[in-house]
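Trainee: I would like to work through this model from one residue outward to the sheet and the core. Can we take it in short steps?

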Amino acid sequence: MSVHVVAMGVSGSGKSTVAEGVVERTGWVFAEADAFHPQANIDKMSQGIPLTDEDRWPWLHDLAAWMAEHAARGEDTVITCSALKRTYRDVLRADVAALGAGHRVVFAHLDGSAAVIADRLEGRQGHFMPASLLQSQIDTLEDLEPDEDGVVLDLTAAPEVLVDRVMASVAPGR
């Protein structure tokens, strides 16, 4: 059986930092969801144009297939993905869930104030996602629902604390 951690949240929330921390502790297979975007999506975001659901569906299905491939081999994974809506998270879960009981997709939602995130985005270099799209992501974001396997994290906590909380939620005793 396998565990798949999705570090989720808006751009600038610290997804990569937390995901990399989990990978350092576990050695699990890692993927940065941005690497799965087709060039058309990157071009849109680079121009400050928010993605539509139609833009996101193929990308989300590719991510889900990647997780399911690894799950089928019994490999645990960690990915970064905004996973802003419940329907997006449902897509990410579906292929792994189809493999049967025991495989888990766990969402680690990095949550915090728009002001803190905006400050982080202003200082970020070399990323195609402009700070001008932050509000569109915040407007799109849907909180984890009680029936979703996941943990909500205060993104202002130290990275080690965030990784500890993720590990406690996905793998007690590991």
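Mentor: We can. This is a predicted model, and a start can be made at Gln 137, which sits in helix H6.

Trainee: Does Gln 137 count as buried or exposed?

Mentor: The cut-off for buried is under 20% relative accessible area. Gln 137 has 9% relative accessibility, so the residue counts as buried.

Trainee: Which backbone atom does the side chain of Gln 137 reach?

Mentor: Gln 137 belongs to helix H6. Its side chain comes to 2.5 Å from a backbone atom, the nitrogen of Ser 11.

Trainee: Which elements do the buried residues of H4 pack against?

Mentor: Helix H4 covers residues 86-97. Its buried residues include Tyr 88, Val 91, Leu 92 and Val 96, and also Arg 86, Arg 89 and Arg 93. The buried residues of H4 pack against E1, H3, E4 and helix H6.

Trainee: Why does the end-to-end distance of H4 agree with its number of residues?

Mentor: H4 has twelve residues, and at 1.5 Å a residue they should span 16 Å. The expected span takes 1.5 Å times one less than the number of residues. The end C-alpha atoms of H4 are 15 Å apart, which agrees with the expected 16 Å.

Trainee: What is the order of the strands in the open sheet?

Mentor: The sheet has five strands, with parallel pairing. Strand E2 (29-32) and E5 are the edge strands, each pairing on one side only. Neighbouring strands are turned by 15 degrees against each other on average, direction ignored. The order is E2-E3-E1-E4-E5.

Trainee: How many bridges join E1 to E4?

Mentor: Strand E1 (residues 3-8) and E4 run parallel. Ala 7 has Ala 108 as its bridge partner in E4, and Met 8 stands opposite His 109. The number of bridges joining E1 to E4 is six.

Trainee: Which residue of E3 stands opposite Val 6?

Mentor: E1 also pairs with E3, in the parallel sense, over four bridges. Opposite Val 6 in E3 stands Ile 79.

Trainee: Which residue is the bridge partner of His 109 in E5?

Mentor: E4 and strand E5 (residues 150-154) pair in the parallel sense over five bridges. On the E1 side, His 109 stands opposite Met 8. In E5, the bridge partner of His 109 is Val 152.

Trainee: Which residues of E1 are buried on each of its faces?

Mentor: In a regular strand the side chains alternate between the two faces of the sheet. E1 is mostly covered, with six of its six residues buried. On one side these are Val 3, Val 5 and Ala 7, and on the other His 4, Val 6 and Met 8.

Trainee: At what angle does H7 run to E5?

Mentor: Two helices can be described against the sheet. Helix H4 packs on the sheet, touching E1 and E4, and its direction makes about 155 degrees with that of E4. Helix H7 (residues 159-170) lies across E1, E4 and E5, and its angle to E5 is about 165 degrees.

Trainee: Which helix gives the most residues to the largest nonpolar core?

Mentor: The largest nonpolar core holds 46 residues. Among the members that touch the most others are Val 6, Leu 92, Phe 107 and Val 170. The helix giving the most to this core, with seven residues, is H3.

Trainee: Is Glu 75 buried, partly exposed or exposed?

Mentor: Glu 75 is found in the loop between H3 and strand E3 (77-80). Partly exposed is the range between 20% and 50% relative accessible area. Glu 75 has 28% relative accessibility, so Glu 75 counts as partly exposed.

Trainee: With which side chain does Glu 75 make a polar contact of 2.5 Å?

Mentor: Glu 75 touches Ser 2, His 4, Val 29 and His 70, leaving aside residues up to four places away in sequence. A polar contact of 3.4 Å joins its side chain to that of Arg 73. The partner in the 2.5 Å polar contact is the side chain of His 70.

Methods. Residues are numbered from 1 along each chain as its sequence is written. This is a predicted model: local features need pLDDT of at least 70, side-chain atom pairs count only at pLDDT 80 or more; totals for chains, interfaces and linings use all residues. Side-chain values use heavy atoms; hydrogens and water are left out. A nonpolar core is a set of buried Ala, Val, Leu, Ile, Met, Phe, Trp, Tyr and Cys residues joined through side-chain atoms within 4.5 Å. Buried means under 20% relative accessible area, exposed over 50%, partly exposed in between (1.4 Å probe, protein chains only). Two strands pair if DSSP finds at least two bridges between them. Axes are lines fitted to C-alpha atoms, for helices over the stretch in contact, and angles run from 0 to 180 degrees between N-to-C directions. Contact means heavy atoms within 4.5 Å. A polar contact is a pair of N or O atoms within 3.5 Å; within protein, one must be able to donate a hydrogen and the other to accept it, and residues adjacent in sequence count only if both atoms are side-chain atoms.
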